[in-house]
Amino acid sequence: MELLKALRDSSGDHLTPREIVAELDKYIVGQEDAKKSVAIALRNRWRRQQVPEGLRDEIAPKNIIMIGPTGVGKTEIARRLAKLAHSPFLKIEATKFTEVGYVGRDVESMVRDLMELAVNMVKAEERGKVQVKAAAAVEERLLDLLLPPSTKRKDVLGDEGYIEMLSDSSPDIHKPIGTKPEIDTTREKFRAMLRDGRLEERFVELETSQRVTPVVEIFSGAGMEEMEFNFKEMLGNLFPKGTKTRRVKVSEARELLLQEEASRLIDMDRVVEEARRKVEQHGIIFLDEIDKIVGRDHGRGPDVSREGVQRDLLPIVEGTTVTSKYGMVRTDHILFIASGAFHLSKPADLIPEMQGRFPIRVELQSLGAAEFERILTEPENALIKQYQALLETEGVHLTFAPEAVKEIAALAAKVNERTENIGARRLHTIMEKLLEEISFTAPDLGERALTITADYVRERLADLIEDEDLSRYIL
């Protein structure tokens, strides 16, 4: 029971909605309604696991549509939520898909991609668990490579290393070649040198396995991804694995052997089963730009294809079984979070069946100067903190006066009003232009403390802001 509780807690679903919002507040400013909606959706997963099994499968996830302009935090909320929950997370643009029969990606490919991500995620977790055991096995294999027949030991270590080893050795090393005490003592000497890092630059001959597969190109199209996987896998199995001898440094050999030993210790059947469970019970798919597949009218032309994409997406969102190279994957309990600006359309323009599968709709607010000021300073990954850390590596200690932060926020808001409103992404262009000269000369400045003042901000950016034509191209 303790193990089950630990596994459940590690998923992140145990957090209360209030705690989830508090975690999201560390990285995202404002947008309280959206945070509440995703927090409830995540908590409902934990609640579903607690209900009787007969009812559990009947409870469908409450998918969400986020409505708001670009740069207000839609993608960041979904990404942080997935990281918090340790869930397989896939972000994909709805515009990548086209109606079946047209050239484009099959909608089922998103589930296959999510399954691939989950397998890699679980494999990485399993690799961490067997790391100690794999490292011990690698050490023994490295010693086998470093201890060829005694006549060749001098070639392996070189004159200097061989003399050093002999001088450090106990008298047992001078016993006749082939006696067990001499072999054991020499191996332990090599082991000590290996652990001390004194053999990292030595070269060893390592045999690596490789499978020779002919180059095959399959013209991709709707429904062709799985065919491509199976075809390549089938051809790969027809050709036997070969070995190739490589002369590599001990440091490189260790990495190659670690991967090989870890793969040998990992039970791939268990990895795939756990990955499938994660996808089916905890997977999150973020469908960006869903407003771009909303047809504005019914008739000829691309609008027919847009509605066709919605109809192709519908079974995936409703719940179906998708075939992947890891087996069948059910989508009934995958959480779908869609987002779009909906400038030229509205969620009501989605086909009715699709609207019914996204019952929760939240509107994200546009960001102004006050929010920009908070974004620059409050989050744990705030832009100012990022630039300070980057320049710290060059010995430049950067500080921002409060008035400078206010000025940057005000200028960013002003540019958004005059040109296209791209939300908080405008801060990236403003900050990069502001610190361009300092970033360029930082290696030549040496240890130095610099303070960014409001006057410096105006000096660097005021002319660009005032010249509307210029700011369109530069900021």
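What share of the 475 residues in the protein chain is buried? Buried residues make up 42% of them. Here are some notes to read alongside the structure, and please keep in mind that this is a predicted model.

1. **The overall layout.** Start by finding the main elements: the protein chain has 21 helices and eleven strands. Next, look at who touches whom. Taking contacts between residues at least 6 apart in sequence, 77% join residues at least 24 apart. On the outside, the protein chain exposes about 25700 Å², and carbon and sulfur atoms supply 52% of that area.

2. **The largest nonpolar core.** In soluble globular proteins, nonpolar side chains tend to be buried together. Here the largest nonpolar core has 58 residues, and Ile337, Phe400 and Met431 are the ones that touch the most other members. Helix α17 (residues 402–418) gives this core its largest share, eight residues.

3. **A closer look at Ile337.** Try clicking on this residue and listing what surrounds it. If you set aside neighbours within four places in sequence, the contacts of Ile337 include Val38, Ile64 and Met66. Ala78 and Leu81 are also among them, and so is the run Ile284, Ile285, Phe286 and Leu287.

4. **A second core.** The model also has a separate nonpolar core of 41 residues. Among its members are Ala94, Val107, Ala118 and Val317.

5. **Glu126 and its two partners.** The count of salt bridges comes to 30, and Glu126 is a good place to begin. Its side chain meets that of Lys129 in a salt bridge, with 3.3 Å from N to O. Both residues sit in helix α6 (residues 109–129), and because they are three residues apart there, about one helical turn separates them. The two ends differ in their surroundings: Glu126 is buried, at 9% relative accessible area, whereas Lys129 is exposed, at 62%. Arg270 also forms a salt bridge with Glu126, at 3.0 Å from N to O. Arg270 belongs to helix α12 (residues 268–282) and Glu126 to helix α6, so this pair ties together parts that are 144 residues apart in sequence. Arg270 itself is partly exposed, with a relative accessibility of 49%; that value falls short of the cut-off for exposed, which is over 50%.

6. **More charged partners.** Lys346 and Asp349 form another salt bridge through their side chains, at 3.4 Å from N to O. Lys346 is partly exposed at 47% relative accessibility, and Asp349 is partly exposed at 29%. Elsewhere, look for a network of salt bridges that links Arg141, Glu260, Glu261 and Arg264.

7. **A hairpin to trace by eye.** Strands β6 and β7 form a hairpin with two residues between them. β6 covers residues 321–324 and β7 covers residues 327–330; they pair in the antiparallel sense over four bridges. To follow one of the pairings, find Thr323, whose bridge partner in β7 is Met328.

8. **Two faces of β6.** In a regular strand the side chains alternate between the two faces of the sheet. Which residues of strand β6 point to one face and are buried? They are Val322 and Ser324. Thr321 and Thr323 point to the other face and are not buried.

How values were computed:
Residues are numbered from 1 along each chain as its sequence is written. This is a predicted model: local features need pLDDT of at least 70, side-chain atom pairs count only at pLDDT 80 or more; totals for chains, interfaces and linings use all residues. Side-chain values use heavy atoms; hydrogens and water are left out. A salt bridge is a side-chain nitrogen of Lys or Arg within 4 Å of a carboxyl oxygen of Asp or Glu. Buried means under 20% relative accessible area, exposed over 50%, partly exposed in between (1.4 Å probe, protein chains only). Contact means heavy atoms within 4.5 Å. Accessible areas come from the Shrake-Rupley method with a 1.4 Å probe; for residues, only the protein chains shown count as cover. A nonpolar core is a set of buried Ala, Val, Leu, Ile, Met, Phe, Trp, Tyr and Cys residues joined through side-chain atoms within 4.5 Å. Two strands pair if DSSP finds at least two bridges between them.
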